[in-house]
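Reader: I would like a close look at one part of this model, the side of chain B that touches chain A. Which elements give two or more residues to that side, and how is the side made up by class?

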Amino acid sequence: MMNASIAKKNVVLAPPSKAGDAAFKLLTWCMAMMVFVLVALIGWELWQGSELSLQKFGWRFLIRSDWDPVSGHFGALPFMFGTFVSSVLGLLIALPLSVATAIYLTELAPGWVRQPAITLMEMLASIPSVILGLWGIFVLVPWLRDHPFALLQKVFGFLPIFGGHIYGASVLSAAVIIAIMIVPIITSISREVLRAVPDSQREAAFALGATRWEVTRLAVLRGSMRGIFGAAMLGLGRALGETMAVTMVIGNSPDISASLFAPGYTLASAIANEFSEATDDLYRSALFELGLVLLLVTIVTNILAHLLVGAVSAPKHDAHA
Amino acid sequence: MIVTQFPFHCLVEKLVTSLTCYSAQASKMKIRRILMKLGSLAAGLVLAGAGRAGAQLLVNGAGATFPYPIYSKWFDEYSKVDPSVRFNYQSIGSGAGQKQILEGTVDFGASDGPMSDHNLAKAPGKILHVPTVAGADVVTYNLPGAPALRLDGPCIAGIFLGQITRWNDPRLTKLNPGAALPDADILVVHRADGSGTTYIFADYLSSVSPEWAGKVGRGTAVRWPAGLGAKGNEGVTGQIKQMPGAIGYVELVYAMQNHLPYASVKNAVGNFVTPSVASVTAALAAAAIPDDFRFSMVNPPGADAYPIAGATWLLVYQQQRNAEKGRKMVEFLKWAMKEGEDMAPQLDYAPLPPALNKRVLAEIGGIRY
């Protein structure tokens, strides 16, 4: 009797409407599209803003190295150079540090060390970059100048990259600050990646008689390369656009110098520094174009990184399978 | 992935920077600025509430950062004189101030340099330059024992052109017979951000050194032949304090409030003058000022005039579109020229000398609404 009535009710019920699903799909699709629209709009605005400069200099803007607001000659090369060198160097310093930290935290650290260390790492990530910049000017750069830089020059001074006068504020100082800023992001993503490796894999390796190092290298790191690479790319993305702290320690001179001790300039710093007082149309337009170049550099770096990740990780997948 | 890695944090950072840069700088002046800003914000909120009830008129302005402390003080004091109007001023830079007045998005602009003929030609109406106060750049340095330094135009130009590179250069020792100048490199520090301070400095160097005028020229940002750049007065000061042998230029107000050592500079008459509010006012009095008030006051021929000085301007349309706002603005400008100018020395700005003040008042009288 009961069953029959329930069955009857079920028959009477209308089939669930698909309208809700469709609306939900549309809504999420719109939200997802917003991101594309936003980037496209930013690109379009930058393109519009840099029209004058594009007309005047064309693609040569990318290879011109003079930046003279008074006479109206502009070129992006020194800024691209500074951005590239400081970011890549920063990444090179940060990557081993971050990966080692992540390995220690996931594989080796006792519980009472792990949680405080993770919390501290997150705090490091939330320090405003202007604070790091001030600390850079007053503490880090003078120390770097008097000790590590002086030592580097003493030992490797015959190399052009360690030659020249040591001001303190320099491309290398900027790279160190960038490294400090991107260590937290690379570490925390790498940590997540390493944590995602199933324990059974570690246990299997231990069961085969592997040492701690072999377990880490074979069972944990090998499968995580792609993820760690992704973390490094996120770090690089942040490094490329990093503005405030870099401005404060890089020395802000649009010169291309072989020495890492020489002051340099980055795309983001130039925009931040010069935009507010750019009274001339061409000048403002050239600054817009620097923004456009920064956007393109970021996108191209990301595409290259993805291709690289693909190339690096493909054989590893085979090994897994 | 590509999309998510676009540096949005750049944009966010700019916001954060503009908010945090105030809290970061520990100097008294900055703290005073914050307090003023907070004060005006709080006052603004209160007044905004009151305004809805009493139909308070809002006059918007934007531009130069250098005169921000005094403008902020003026607007605050003036709200007591005439509670029916509230002035809102955003110190976003002279370039932005000029752009916004040209586009008519603000009721008045403010700039540390006069507008160029090219920019003025783009304006829909005649823009008047109203000089308000003057300031100066000082040459500050980091030398052991902080000896008093005397410099002249050719020496300063030589240092910033990268031609005088040692502290014991004969050209420097000749000017400073008593001082023990070390046998060390001169490290030049300049502003990296475009600024009115740089404009005054480059303007001065262009007037004393033909080589500077030809190679570098004058502007809010220039191509520096030597040294490294730092952001803001505080950035330049920070770098100089950290580098023995460094030399650079900062605003007089900033140098006085932070007790930095600064050089006395030989003026056009041949006297060595120490920068001060009085010597900047003397420079204003000695400068040749045309009727449109677009003047440069570097190296004027006054006996007591400090040579590296410059004025700052408010920019207003001669023909106001909104009669009510125009009337309020003229009333305010007249008040600023009388009572407002008296407050300038307290904040280390140089007021206009009486003769110039009279001429500016006549100009203000010509604003129509």
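Author: What follows takes that side of chain B, then the chain as a whole, and then the confidence of the prediction.

This is a predicted model, and in it 46 residues of chain B are in contact with 47 residues of chain A. On the side of chain B that touches chain A, two or more residues come from each of α1 (8-24), α4 (94-103), β7 (228-230) and α10 (232-242) of chain B, and the largest share, 9 residues, is that of α1(B). Sorted by class, this side of chain B has 20 nonpolar and 19 polar residues, together with 7 charged ones.

The chain that carries this side has 369 residues, of which 51% count as buried, and its secondary structure comes to 14 helices and 12 strands. Of the contacts in chain B between residues at least 6 apart in sequence, 73% join residues at least 24 apart.

As for confidence, the mean pLDDT of chain B is 86, with 85% of its residues at 70 or more, and the predictor gives the complex an ipTM of 0.78 and a pTM of 0.80. Over residues 1-29 of chain B, however, pLDDT stays under 50, although the model has 47 contacts beyond four places in sequence for them; the helix α1 of chain B, at 8-24, is one of the elements on the side that touches chain A. Residues 46-53 of chain B also stay under 50 in pLDDT, and for these the model has 5 contacts beyond four places in sequence. Where pLDDT is low, the predicted coordinates should not be read in detail.

Terms used:
Residues numbered from 1 in each chain as written. Chains lettered and ligands numbered in written order. Predicted model: local features only at pLDDT ≥ 70, side-chain atom pairs only at ≥ 80, totals over all residues. Contact = placed C-beta atoms within 7 Å. Helix = DSSP H or I, 4+ residues; strand = E, 2+ residues; numbered from the N terminus. Nonpolar A, V, L, I, M, F, W, Y, C, P; charged D, E, K, R; others polar. Buried ≥ 20, exposed ≤ 12 C-beta atoms within 10 Å, placed from the backbone. pLDDT = per-residue confidence, 0-100.
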